[in-house]
Amino acid sequence: MAKTVDARGFSCPQPVILARKAIAEGEFPIEVLVDTVTSRENVRRAAEKAGCKVRVEEKGEEFKLILQR
Amino acid sequence: MRERLTRFFASRWGIILAGAVIGLLAPLLQRLGNPPNMGICVACFERDIAGALGLHRAAVVQYIRPEIIGFVWGATIAALLFREFKARSGSAPIVRYFLGMFAMIGALAFLGCPWRALLRLAGGDLNAILALAGLAVGIALGVLFLKAGYSLGRTTRSHTAVGWIMPIFMGLLLLLLILKPQFSKDGPIFFSTSGPGSQHAPLIVSLVVGLMIGFLAQRTRFCTMGAVRDVILMKDTHLITGVGVLLVVAFITNLVLGQVRFGFTGQPVAHSNHLWNFLGMSLAGLAFALAGGCPGRQLFLAGEGDGDAGVFVLGMITGAAFAHNFSLAGKADAVVDGVLKVGGLTNFGMVAVIFGLVVCVLIGLTMRERA
């Protein structure tokens with residue numbers, strides 16, 4: 001069961017803070033929803049730094065980052 | 001091609017490029033006429049714009065600064081070219097407006113925004129050390145609130161027109177700068193004939209440099225507040241690398257141009273009141289952290305269509321008006337009859353900074369999402 005983090009509409013650094021919180025909780029895979037390129041880059045960078053594998057799906061103007069251990 | 005460029009700008013080399021370009025161009029602007037150690041200062045320049053419009057009447061700081069216009073438009077151009085222009089608004093705008101006001105009050109206590117703090121340091125003005133320390137403390141406090149769940153809420157997509165308001169407003173400012181209308185006898189648009197407001201690089205140069213920086217900063221998400229925040233929050237050094245490069249390149253450029261003089265006292269457009277340099281920038285740092293961006297970043301976001309950032313910018317501009325009308329702004333060191341008189345704040349200014357800190361702390365504490 002994937003954990004979903006809805007970070008759409010939040011300005012930096014919220015998406016990263018929420019993503020890191022989910023990563024710390026350890027329930028994978030995690031789906032992070034964002035709606036700006038900036039948030040996508042920030043979350044990707046933070047997740048990779050935390051040791052996650054990151055895959056990005058683009059859905060219109062939104063991005064879904066799927067984080068795996 | 002767009003994807004490759006996007007990846008470059010998002011990389012460490014991208015932000016290093018941004019820092020280097022800013023570090024090179026800002027001292028050059030000073031050489032070409034901008035005030036000393038003030039090649040770029042978002043706070044001072046927005047204050048100068050407020051003065052030109054007559055929102056305050058401090059005669060020595062009145063000039064519509066093209067750099068600010070360039071910052072917004074450069075970001076707009078970058079956003080349009082890379083399909084990132086997105087009109088959005090609605091994240092507690094009234095709070096952001098007042099955060100902008102307090103950020104400006106804090107910055108004017110020091111007589112500079114974080115960009116100018118870096119440039120002052122690069123010019124040998126050691127008071128900037130106190131300012132940067134205060135800035136870091138304010139940002140650290142902001143990080144505590146962020147970790148505890150502080151949020152101004154989600155922004156929502158708006159009609160495209162909403163995103164164009166700030167760029168168009170900047171266009172109007174440019175028109176006023178070029179046409180120099182006078183709206184009443186002894187009325188605006190004002191152009192300082194002495195003091196920092198009278199010191200400016202040629203219009204075209206200021207505008208083009210602003211555009212270049214606005215473009216690069218939008219692409220690389222350059223942010224002097226985020227730089228410190230990310231280190232404290234998650235030991236991430238991406239943004240601060242750009243800031244560090246800015247400082248080093250600016251220092252070297254200043255050395256080459258003979259624009260370095262080390263010291264605390266009598267520095268240009270500066271005061272050496274350590275306590276209020278520190279506290280003023282703590283307030284500014286906290287306000288920037290709560291609003292999600294340094295004053296430069298807020299301009300770049302406004303250029304991208306972010307109405308919430310636009311409101312913060314308007315808060316800063318009007319905050320500058322209040323600061324000068326209510327005698328809240330810092331006063332520079334002066335030499336009177338051969339004796340150094342250390343500048344600083346009036347009692348009003350000190351109360352305003354403390355009041356601002358209290359209000360920002362309250363905002364940080366109360367605007368929480370339920371866990």
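**Core packing, strand pairing and backbone features**

Apart from residues within four places in sequence, B:Ala287 contacts B:Leu99, B:Phe102, B:Ala103, B:Gly106 and B:Cys360. The model in which these contacts were computed is a predicted one. B:Ala287 is also one of the residues with the most contacts inside the largest nonpolar core, a set of 140 residues. Others in that group are A:Ala19, B:Val72, B:Met104, B:Ile105, B:Leu108 and B:Leu283. Helix 5 of chain B, residues 93-110, supplies the largest share of this core, with 13 residues. In soluble globular proteins, nonpolar side chains tend to be buried together.

A second position in chain B, B:Met225, lies in helix 10. B:Met225 counts as buried because 30 C-beta neighbours fall inside 10 Å, where 20 or more are required. When residues up to four places away in sequence are not counted, B:Met225 touches B:Pro114, B:Ile139, B:Gly285, B:Phe288, B:Ala289, B:Gly293 and B:Cys294. B:Gly197, which is 28 residues from B:Met225 in sequence, is 26 Å from it in space, C-alpha to C-alpha.

In chain A, helix 1 comprises 12 residues, 14-25, and spans 17 Å between its first and last C-alpha, close to the expected 16 Å. Nine of these 12 residues are buried, so helix 1 of chain A is largely enclosed by the rest of the structure. The buried positions are A:Gln14, A:Pro15, A:Val16, A:Ile17, A:Leu18, A:Ala19, A:Arg20, A:Ala22 and A:Ile23. Their cover includes elements of both chains: strand 1 (3-6), strand 2 (30-34), helix 2 (37-49) and strand 4 (62-68) of chain A, together with helix 7 (127-147) and helix 10 (224-234) of chain B. After helix 1 of chain A comes A:Gly26, with a positive phi near 80°.

Strand 4 of chain A pairs with two other strands of that chain. With strand 2 of chain A it runs antiparallel, joined by five bridges, and A:Val34 stands opposite A:Phe63. With strand 3 of chain A (residues 53-59) the pairing is likewise antiparallel, over seven bridges; here A:Lys59 has A:Glu62 as its bridge partner. Strands 3 and 4 of chain A form a hairpin with two residues between them, and A:Gly60 in the turn has a positive phi of about 65°. Side chains alternate along strand 4 of chain A: A:Phe63, A:Leu65 and A:Leu67 point to one face and are buried, whereas A:Glu62, A:Lys64, A:Ile66 and A:Gln68 point to the other and are not.

Most residues other than glycine have a negative phi, and most peptide bonds are trans. Exceptions occur in both chains. In chain A, the peptide bond from A:Cys12 to A:Pro13 is cis, with omega near 5°; A:Pro13 is in the loop between strand 1 and helix 1. The bond joining A:Phe28 and A:Pro29 is also cis, with omega about -5°, and A:Pro29 is in the loop between helix 1 and strand 2 of chain A.

In chain B, B:Leu111 has a positive phi, near 70°, and is located in the loop between helix 5 and helix 6 (114-122). B:Leu111 is buried, since 30 C-beta neighbours lie inside 10 Å. B:Ser327, also not a glycine, has a positive phi of about 55° and is in the loop between helix 14 (307-325) and strand 3 (334-336) of chain B. B:Ser327 counts as partly exposed because it has 14 C-beta neighbours inside 10 Å.

Definitions and conventions. Residues numbered from 1 in each chain as written. Chains lettered and ligands numbered in written order. Helix = DSSP H or I, 4+ residues; strand = E, 2+ residues; numbered from the N terminus. Expected span 1.5 Å × (residues − 1). Contact = placed C-beta atoms within 7 Å. Core = buried A, V, L, I, M, F, W, Y, C linked by C-beta atoms within 7 Å. Pairing = 2+ DSSP bridges.
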